[in-house]
Amino acid sequence: WGDDSYGQRTDAPTSADFVAIACGTRHSAALRSDGSIVTWGADSNSHTRDRPTGAGFIAIACGMRHSAALRRDGAVVTW
């Protein structure tokens, strides 16, 4: 439900291996059980294309125009 102007609903991943989700104003991010990150929705501020790659993340958060993730080693990554 809700607005889908930027693919917030229809572009959401459909697999079942997610352990966390975070929502920004026009984008979302999900954390997979292997520690990798998937993003979807608006990309006007590189919300989706500049996400970090690889595994090893344990937490995610989304703001209005930015996102952040916490690595297992305690490092913070923002995009």
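Here is a short chat about a predicted model, covering its sheet, its core and its cysteines.

Biologist: What should I know before we start?

Modeller: Residues are numbered from 1 along each chain as its sequence is written, and side-chain values use heavy atoms, with hydrogens and water left out. The model is predicted, so local features need pLDDT of at least 70 and side-chain atom pairs count only at pLDDT 80 or more, while totals for chains, interfaces and linings use all residues.

Biologist: Which strands are at the edges of the open sheet?

Modeller: Strands here are DSSP runs of E, at least two residues long, numbered from the N terminus, and two of them pair if DSSP finds at least two bridges between them. The open sheet has 3 strands in the order β1-β2-β3, with antiparallel pairing. An edge strand pairs on one side only, which fits β1 (18-23) and β3 (37-41).

Biologist: How many bridges join β1 to β2?

Modeller: These two run antiparallel, and Ala22 stands opposite Ala29 in β2. The count of bridges joining β1 to β2 is 5.

Biologist: Which strand gives the most to the largest nonpolar core?

Modeller: A nonpolar core is a set of buried Ala, Val, Leu, Ile, Met, Phe, Trp, Tyr and Cys residues joined through side-chain atoms within 4.5 Å. The largest one has 10 residues, including Ala22, Ala29, Phe57 and Cys62. Both β2 (27-32) and β4 (57-62) supply at least two residues each. The top giver, with 3 residues, is β4.

Biologist: Is Ser67 buried or exposed?

Modeller: Buried means under 20% relative accessible area, exposed over 50%, and partly exposed in between (1.4 Å probe, protein chains only). Ser67 is in strand β5 (residues 67-71). Its relative accessible area is 1%, so Ser67 is buried.

Biologist: Which side chain makes a polar contact with the side chain of Ser67?

Modeller: A polar contact is a pair of N or O atoms within 3.5 Å; within protein, one must be able to donate a hydrogen and the other to accept it, and residues adjacent in sequence count only if both atoms are side-chain atoms. For Ser67 the distance is 2.8 Å, and the partner is the side chain of His27.

Biologist: How far away is the nearest cysteine sulfur to that of Cys23?

Modeller: A disulfide is a pair of cysteine sulfur atoms within 2.5 Å, and the structure holds 0 of them. Cys23 is exposed, at 54% relative accessible area, whereas Cys62 counts as buried at 18%. The nearest cysteine sulfur to Cys23 is that of Cys62, and the distance is 6.9 Å.

Note on methods: Helix = DSSP H or I, 4+ residues; strand = E, 2+ residues; numbered from the N terminus.
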